[in-house]
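Me: I've got a protein model open and I'd like to work through it step by step. Could you take my questions and reason each one out?

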Amino acid sequence: MQDFLLSATVYLAAAVIAVPIAKRLGLGSVLGYLIAGVVIGPSVLGVVGAEGQDVMHAAEFGVVMMLFVIGLELEPALLWRLRGALLGLGGAQVVITMLAVAGILAAFGFAWQEGLATGAILALSSTAIVLQSLQEKGWMRSDAGEKSFAVLLFQDLAVIPILALLPLLATQAVVAGGDGHGAGAWAEHLPGWQRALVTFGAVAAIVGVGRLVVPPAFRSIAKARLRETFTAAALLLVIGIAVLMQLVGLSPALGTFLGGVVLATSEFRHELESDVEPFKGLLLGVFFIAVGASIDFGLIGERLLLVSGAVVGLVALKFAVLWGIGRVAGMARDQHLLFALALAQGGEFGFVLVSFATQNGVLGEAVSGVLVAAIALSMAATPLLLLFWERVIAPRAQAASRPVRAMDRPESEHPVLIVGFGDFGSSVGRLLTAAGVECTVLDLDADRVDVLRRLGLRVYFGDASREDLLRSAGIERARLVILCVGDAAANLELARRISHAFPHVRVLARAAGRLSAYELYEAGVAHVYRESVDAAVRLGADALQALGWRAHASWRLAQAFRKRDEANTQRLASIFRDQEAHLSEARAAIRDLERTLRDDRLSPAVQDEAAWDAESLRREFKGMTDGKPPVPQ
C-alpha cells in the first residue's frame with residue numbers, strides 16, 4: 001500500500017510540474033507527460049523503475065475510456081459516413097506499410113517471416129497520442145482529423161487478425177511464460193464457428209443492452225439524485241464492456257467505442273462523457289508518463305546508429321505512405337501533410353505485439369529491443385512533428401493553397417465607407433441601408449465577399465490599409481468612415497492611418513474592449529464603440545425588469561450608465577499607460593458612477609416619471625381586467 005501511494009505521488013507530482021510548463025512553452029500536454037516520464041524514469045532520476053511496464057498496462061485502460069468518449073461524440077450516421085475512409089485509407093495504409101517494411105528488411109537479409117511480422121507491428125500508429133493531440137488542438141473535426149481517426153479505428157480492428165497471423169510466422173523456439181494480448185480470453189479455445197458465434201453475440205449484447213437496458217437504468221439512477229452512484233454506473237458500463245470484449249478475445253477499446261456509439265443518441269450522453277472524462281484524462285496521462293519512463297536510453301546509447309536509423313526510417317516510411325494515400329484521396333495540401341505527420345509513428349499496440357511475437361518465436365530479443373525503443377521514440381516525436389506542422393508548414397501551405405486575388409475597384413462613391421463586413425460591420429451596414437443611406441463596403445476576406453455578393457450585397461474585396469484603394473473608394477468626399485475590422489490591432493492601425501492621411505473625415509471605430517477603446521482614443525478617433533457594451537447594457541436593463549423594475553425606469557438607468565461609462569472611458573484613455581494613476585482614477589470613476597446613478601434613481605423626478613411607464617401601466621391594467629390586483633413595483 002505504501003509503495004502504491006509513493007508511486008502515485010511520484011507520477012502525479014511529475015505530471016503537475018511538467019505538463020503546465022510544457023503547455024506554457026506551446027509543446028502540448030502529451031509531450032509534457034512524456035518528458036515527465038523520461039525525467040523520473042531509470043535513465044535520469046530513477047525514481048520509478050521496472051514497475052513502469054506494469055503501470056503502462058494498467059494505464060492502457062485510459063485508451064479504452066478515450067475510445068468510449070469518442071464513440072459518444074460520433075453518432076451512427078457520422079460513422080457510416082466515414083466507412084470509405086475507414087476501409088479504404090485504413091486498409092491501404094496497413095497493407096502498404098506492412099509490405100514496404102517487409103521488403104526493406106528482406107533487402108537487409110532478414111527472413112521474410114520477421115519482415116512481415118515487423119511490418120504488421122510498425123503499421124499501427126498510436127491512438128492515444130494522436131487522438132489526444134488532435135483533440136487538444138481542436139483538429140478532430142478537420143478533414144485530416146476525421147481521416148486520421150478512421151485509419152486509427154481500422155488499425156485497432158487490424159490488431160485481431162495480426163494476433164492470429166503472428167504465431168504462423170514463428171521461426172524460433174517459443175518462449176515459455178508468455179502473457180500476450182488476449183491471454184485469458186474465455187473464447188480462445190472454442191472451435192472457430194463457436195468463437196464467431198460468441199463474438200457476434202457479444203457485439204449484439206452491447207447494442208441491445210445499450211439501446212434497451214442502459215437508458216431506463218440510468219433514468220432510475222438519476223432519480224436517486226446521487227452523483228457518485230451515476231459515476232459508478234458509468235464506470236461499471238465501460239469496465240463491463242471491456243471485460244466482455246476480453247473474454248471473447250476482442251479489443252476492449254473497440255468494444256467500448258461501439259458502446260459509446262450506441263449511446264451517442266441517448267439523453268445521458270453528456271452526463272456519461274463528463275463522468276468518464278476525468279478518469280480518461282488521468283489514466284492517459286499516467287500512460288504517457290509510463291511510455292516516457294520505459295524508453296531504454298541505455299540500449300539507445302549502445303546501439304545509437306541502429307535505433308536512430310530505425311526511428312528515422314519508420315517515421316519517413318510511414319509519412320511517405322500516408323502522404324501518398326492522402327494525395328490519392330484528394331485531401332487539401334495542408335490537410336494531407338497533417339494526416340501524414342500525425343500518423344507517422346508506432347503505436348501502443350506495438351509494445352503488446354512485439355512481446356507477443358517474441359514469446360511466439362517470431363522475433364529475437366535483439367530485434368525486439370530495437371523495435372520497442374524505435375516505437376517509443378517515434379511516439380515521443382509525434383507532438384514535435386505536430387508542432388512543426390502547426391508553426392511552420394500550415395501557415396505556408398495554407399498561404400500557398402490560397403489563390404492570389406486582385407483587389408476590387410469600387411465602382412461608385414458614397415457618403416459612408418465601411419471597412420470590415422463581418423457580423424458587426426454587416427449589422428451597421430444593413431441598418432444604414434435600410435435607412436436609405438448608401439454605403440461603400442471594403443472587406444479583406446475573399447470568401448466572405450463572395451458569399452455577401454451572392455446575397456445581393458455590394459461588397460468589394462480590398463485592403464483598406466492602401467491609400468490608393470481608399471481614394472478610389474471615395475474617402476476624400478465621404479462624410480463618415482466606419483471601422484468594423486474584427487482584428488483589434490488591424491482596426492487600430494487603420495484608424496491611425498486614416499486619421500493622419502484624411503483628417504477631415506469623421507471616423508467611427510469598433511473597439512473589442514476597454515483597452516482597444518483607450519488605444520483608439522489615443523490615436524485620435526473621437527467616436528469609439530465597444531462591441532460588448534450595448535448588449536451588456538440591454539441585458540442589464542432586461543434583468544432589472546425581470547426583478548420587478550418598471551420598463552422605463554430600467555431603460556433610463558441603463559442608458560445613463562452607458563453614457564457615464566463611455567465618458568469615463570474617454571477620460572481614462574489619456575492616462576491608461578500610467579498603471580497607478582489609471583487604477584486610482586478608475587476606482588474613483590466607479591464610485592462616482594454608482595453614486596450618480598443611485599442619486600438619479602432616487603430623485604423625485606424619476607419617481608414621477610415612473611407613473612407614465614406605458615408598459616407597466618399596460619401590465620397593471622391587464623392585471624385589473626383579469627380580476628387580479630396589480631403587481632407591486
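**A helix under cover**

Me: In helix α16, which residues are buried?
Reply: Keep in mind that this is a predicted model. Helix α16 covers residues 333-342 and is mostly covered, with 9 of its 10 residues buried. The buried ones in α16 are D334, Q335, H336, L337, L338, F339, A340, L341 and A342.

Me: How many helices and strands are there in the whole protein?
Reply: For the overall picture, buried residues make up 46% of the 633 residues. Of the contacts between residues at least 6 apart in sequence, 74% join residues at least 24 apart. As for the elements, the count is 28 helices and 6 strands.

**The sheet**

Me: Which strands stand at the edges of the sheet?
Reply: The sheet is open, its 6 strands pair in parallel, and the order reads β3-β2-β1-β4-β5-β6. An edge strand has a single partner, so one side of it is left without a neighbour in the sheet. That fits β3 (459-461) and β6 (527-530).

Me: What does the twist average from one strand to the next?
Reply: Picture the open sheet again, in the order β3-β2-β1-β4-β5-β6. Going from one strand to the next, the twist averages 20 degrees.

Me: Which residue stands opposite V416 in β2?
Reply: Strand β1 is residues 416-419 and β2 is residues 439-443; the two run parallel and are joined by 4 bridges. Opposite V416, in β2, you'll find C439.

Me: Which residue in β4 does L417 stand opposite?
Reply: β1 is also joined to β4, again by 4 bridges, and the two run parallel. Across from L417, in β4, is V481.

Me: And what is the bridge partner of I482 in β5?
Reply: β4 pairs with β5 in the parallel sense, over 4 bridges. Within β5, the partner of I482 is L508.

Me: At about what angle does helix α19 run to β1?
Reply: Helix α19 is residues 423-434, and it lies across β1, β2, β4 and β5. Its angle to β1 is about 160 degrees.

**Cysteines**

Me: Is C439 buried or exposed?
Reply: Buried means under 20% relative accessible area. C439 has 12%, so it falls below that cut-off. C484 has 2% relative accessibility and counts as buried too. The word for C439, then, is buried.

Me: How many disulfides does a search of the whole structure find?
Reply: To count as a disulfide, two cysteine sulfur atoms have to be within 2.5 Å. Searching the whole structure on that basis, the number found is 0.

**A pocket and a helix beside it**

Me: Which element gives the largest share of the lining of the second largest pocket?
Reply: This pocket has a volume of about 560 Å³. It is lined by 20 residues, and L105, L306, G309, A310 and L371 lie nearest its centre. The elements giving two or more residues to the lining are α6 (83-107), α7 (112-122), α15 (304-328) and α18 (365-401). The largest share, 6 residues, comes from α15.

Me: How far apart in space are V94 and S125, C-alpha to C-alpha?
Reply: V94 sits in helix α6 and is buried, at 7% relative accessible area. Leaving out residues up to four places away in sequence, V94 touches A123, F154 and Q155. V94 and S125 are 31 residues apart in sequence, and their C-alpha distance is 9.8 Å.

Terms used. Residues numbered from 1 in each chain as written. Predicted model: local features only at pLDDT ≥ 70, side-chain atom pairs only at ≥ 80, totals over all residues. Heavy atoms only, no water. Pairing = 2+ DSSP bridges. Axes fitted to C-alpha atoms, helices over the stretch in contact; angles between N-to-C directions. Contact = heavy atoms within 4.5 Å. Buried < 20%, exposed > 50% of the residue type's maximum accessible area, 1.4 Å probe, protein only. 1 Å grid on protein atoms, 1.4 Å probe; cavity = no way out; pocket = protein on both sides within 12 Å on 5 of 7 lines; lining within 4 Å. Points joined across faces, edges and corners; volume = space filled by probe spheres on them.
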